[in-house]
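Let's work through some exercises together. Take a moment with the sequence and the 3D view, then try each task before you read its solution.

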Amino acid sequence: MATYRFAANMREPNPVNYFAAKYSLPHAAAALVLRGNAGYHSFTEAVVRDPAIGAFRRRVTVREDPELSAQVPRLKPARVTVTFTDGRQVTRLRESARGDYQDPYGEHEIRSKFRELAGVVLSGTGVARVEQLVDRLDQVPRLGDLVGALREDRGA
């Protein structure tokens, strides 16, 4: 992986915990390839310690490309080259991260992420209630109703 200077510093192949894994491009790449996503649950302590994830992380190299660094802040590019076991290589360039202002997430993706993250502390019923309140926030008589929904019905 080649990217701009700031991102290239996030190259730790052996993060020690959730927080360190969030700042490890090798971990994110391993989670994406082996788990199919790089969402919240791909950074848990169990996933950080997973031997398959660890082995894959150590096969990911990250370096700065000065040509990509020169495009910051207008873009935040990365170029990834995957080498297959038969020696073939495929390279793709992304000008900015998915979900930023240049390529924002759609409503379905935002709702899915909300449900995933809210589900860590709320039950399924609680997640649905908060989502419904936010959908009609301009009609909710008191903000306290939303705050109350966030406090109650914890844990699935």
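A residue is called buried under 20% relative accessible area, exposed over 50%, and partly exposed in between (1.4 Å probe, protein chains only). The model is predicted, so local features need pLDDT of at least 70 and side-chain atom pairs count only at pLDDT 80 or more, while totals for chains, interfaces and linings use all residues. Residues are numbered from 1 along each chain as its sequence is written, and side-chain values use heavy atoms, with hydrogens and water left out.

**Exercise 1. Describe the overall build of the protein.**

Step 1: Start with the elements, where helices (H or I, at least four residues) and strands (E, at least two) are DSSP runs numbered from the N terminus. The protein has 9 helices and 4 strands. Along the sequence they follow the pattern β-α-α-α-α-α-β-α-β-β-α-α-α.

Step 2: Turn to the overall spread, using the radius of gyration over C-alpha atoms and a globule rule of 2.2 Å times the number of residues to the power 0.38. The radius is 19 Å, well over the 15 Å that the rule gives for 156 residues, so the protein is more spread out than a compact globule. Its C-alpha atoms fill a box of roughly 60 × 35 × 25 Å along the principal axes.

Step 3: Check burial. Of the 156 residues, 26% count as buried.

**Exercise 2. Find the largest nonpolar core and say which helix gives the most to it.**

Step 1: Recall that a nonpolar core is a set of buried Ala, Val, Leu, Ile, Met, Phe, Trp, Tyr and Cys residues joined through side-chain atoms within 4.5 Å.

Step 2: List the members. The largest core has 8 residues: A118, L122, V127, V130, L133, V140, L146 and A149. Two elements, α8 (124-135) and α9 (143-151), give two or more residues each. The most comes from α8, with 3 residues.

Step 3: Zoom in on V130. Beyond its neighbours within four places in sequence, V130 is in contact (heavy atoms within 4.5 Å) with F114, L122, L146, A149 and L150.

**Exercise 3. Trace the salt bridges that involve helix α7.**

Step 1: Use the cut-off: a side-chain nitrogen of Lys or Arg within 4 Å of a carboxyl oxygen of Asp or Glu. The structure holds 13 such bridges.

Step 2: Look at E109 and R98, whose side chains meet at 2.7 Å, N to O. This pair links distant parts of the chain, with E109 in helix α7 (residues 107-118) and R98 in the loop between β4 (89-94) and α7, 11 residues apart. E109 is partly exposed at 32% relative accessibility, and R98 is also partly exposed, at 34%.

Step 3: Move to E107 and R111, a salt bridge of 2.7 Å, N to O. Being 4 residues apart in α7, E107 and R111 are separated by about one helical turn. E107 is exposed at 55%, whereas R111 is partly exposed at 22%.

Step 4: Add E131 and R115, with closest N and O atoms 2.7 Å apart. E131 lies in helix α8 and R115 in helix α7, so the pair ties together parts that are 16 residues apart in sequence. E131 is buried at 11%, and R115 is partly exposed at 38%.

Step 5: Join the pieces. A network of salt bridges links E107, R111, R115, E131 and D135.
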